[in-house]
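This report is for a reader who meets the structure for the first time. Please look at the sequence and the model before reading on.

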Amino acid sequence: MPYSTEIQTQSAPAEWLETTYPIMEHFHTIQGEGVHTGKSAYFIRTGGCDVQCWWCDVKDSWDESKHPRITVRHILENIKLYKPAFVVITGGEPLLHNLDDLTTGIRSLGLPVHIETSGSSAISGRIDWVTLSPKRFKKPTEEIYEFTDELKVVVLTAKDLQWAKEHAARCRPGTRLLLQPEWDTPKSIPLIVDFVKENPEWGVSLQTHKFLQVP
Ligand code: SF4
């Protein structure tokens, strides 16, 4: 679908425009991680996360009640101010929320919908690119693997490499496989480099937005 500056409500009343979501922040930036690194992207960070990784760098997102509920209409009006290549829904844990109406809205602009999720809640919405980043603290559902386009595993210790292989074995053929060090835990970088050199089906993802100093 070509990019459109109009919200295409078709003939039916677009009730989904008034659906609200708890939103921590939404902004235009550069996708810093994963397969689509370096592309113009609009990020929507939903509030609420029940996974609670100790190393999380967005702990302010955890409490859903701290974030205002914003309509799909308002979010779309903001997206229209920019020229992103796609929209990324992240969190928090975005699959805590039913994403049907938000993704319908984004797609009405002709923009692909990406999601970054731990996969720990049921999938919803019409999503073009699913990045699964599994977490030990609340494991993914069985269904998420059949929708996963990109598996991105954060590596802190050697144990995480085995964890990564276990999840890769559940993914569809062709799923992109990436290992990522956290910005604050660079000690895992040599582990990742050695692993990828020995396992060429895997690649490295870096948090390049932190290098670029963009959100
Ligand atoms: S799943 Fe994501 S948002 Fe939730 S605690 Fe872990 S890193 Fe943070």
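The text below goes through aromatic pairs, selected contacts, a helix, unusual backbone angles and a surface patch.

**Aromatic pairs**

The model is predicted, and local features are described only where pLDDT is at least 70. How many aromatic pairs does a search of the whole structure find? The search finds three. A pair of aromatic rings is described by the distance of the centres and the angle of the planes. One of the pairs is F27 with F43, which is stacked, with 5.8 Å from centre to centre and 10° between the planes. F27 lies in strand β1 (residues 20-30) and F43 in strand β2 (residues 40-46), so this pair ties together parts that are 16 residues apart in sequence. F27 is buried, at 13% relative accessibility, and F43 is buried too, with a relative accessible area of 8%.

Another of the pairs is Y42 with Y82, which is tilted, with 6.0 Å from centre to centre and 35° between the planes. This pair links distant parts of the chain, since Y42 is in strand β2 and Y82 is in the loop between α1 (72-79) and β4 (86-90), 40 residues apart. Are these two residues buried or exposed? Y42 is buried, with a relative accessible area of 2%, whereas Y82 is partly exposed, with a relative accessible area of 34%.

**Contacts of S40, H114 and R136**

S40 is also placed in strand β2. At 21% relative accessibility S40 counts as partly exposed, because buried means under 20% relative accessible area. Leaving out residues up to four places away in sequence, S40 touches H28, T29, I30, K83, P84, A85 and F86. The side chains of S40 and H28 are joined by a polar contact of 2.7 Å. S40 and F86 are 46 residues apart in sequence, yet their C-alpha atoms are 7.3 Å apart in space.

F86 is also among the residues touched by H114. H114 belongs to strand β5 (residues 113-117) and is buried, at 7% relative accessibility. Besides F86, the contacts of H114 include H36, V87, V88, I89, I127 and W129, again without residues up to four places away in sequence.

R136 is in the loop between β6 (129-132) and β7 (150-155). With 37% relative accessibility, R136 counts as partly exposed. Apart from neighbours within four places in sequence, R136 is in contact with K159, D160 and W163. With D160 there is a polar contact between the side chains, at 3.2 Å. R136 and C53 are 83 residues apart in sequence and 8.2 Å apart in space, from C-alpha to C-alpha.

**Helix α2**

Which residues of helix α2 (residues 100-108) are buried? They are L102, T103, G105, I106, R107 and S108. An α-helix has 3.6 residues a turn, so residues three or four places apart point the same way. The cover over the buried residues of α2 includes β1, β2, α1, β4 and β5. After α2 comes G110, whose phi is positive, near 80°.

**Backbone angles**

G92 lies in the loop between β4 and α2. The peptide bond from G91 to G92 is cis, with omega near 15°. Two residues that are not glycines have a positive phi, and the table sets them out.

| Residue | Phi | Place | Relative accessibility |
|---|---|---|---|
| Q52 | about 60° | loop between β2 and β3 (69-71) | 42%, partly exposed |
| Q213 | about 60° | segment after α5 | 74%, exposed |

**A nonpolar surface patch**

Which residues form a nonpolar patch on the surface? The patch consists of W183, F211 and L212, with about 380 Å² of accessible area together. F211 is part of helix α5 (residues 208-212). F211 has a relative accessible area of 67% and is therefore exposed, because exposed means over 50%.

Definitions and conventions:
Residues are numbered from 1 along each chain as its sequence is written. Side-chain values use heavy atoms; hydrogens and water are left out. Patches are made of residues with over 30% relative accessible area and no salt bridge: like charges are joined within 9 Å, nonpolar side chains (Val, Leu, Ile, Met, Phe, Trp, Tyr) within 5 Å. Accessible areas come from the Shrake-Rupley method with a 1.4 Å probe; for residues, only the protein chains shown count as cover. A salt bridge is a side-chain nitrogen of Lys or Arg within 4 Å of a carboxyl oxygen of Asp or Glu. Helices (H or I, at least four residues) and strands (E, at least two) are DSSP runs, numbered from the N terminus. Buried means under 20% relative accessible area, exposed over 50%, partly exposed in between (1.4 Å probe, protein chains only). Contact means heavy atoms within 4.5 Å. Rings of Phe, Tyr and Trp (its six-membered ring) pair if their centres lie within 6.5 Å; planes under 30 degrees apart count as stacked, over 60 as edge-to-face and the rest as tilted. A polar contact is a pair of N or O atoms within 3.5 Å; within protein, one must be able to donate a hydrogen and the other to accept it, and residues adjacent in sequence count only if both atoms are side-chain atoms.
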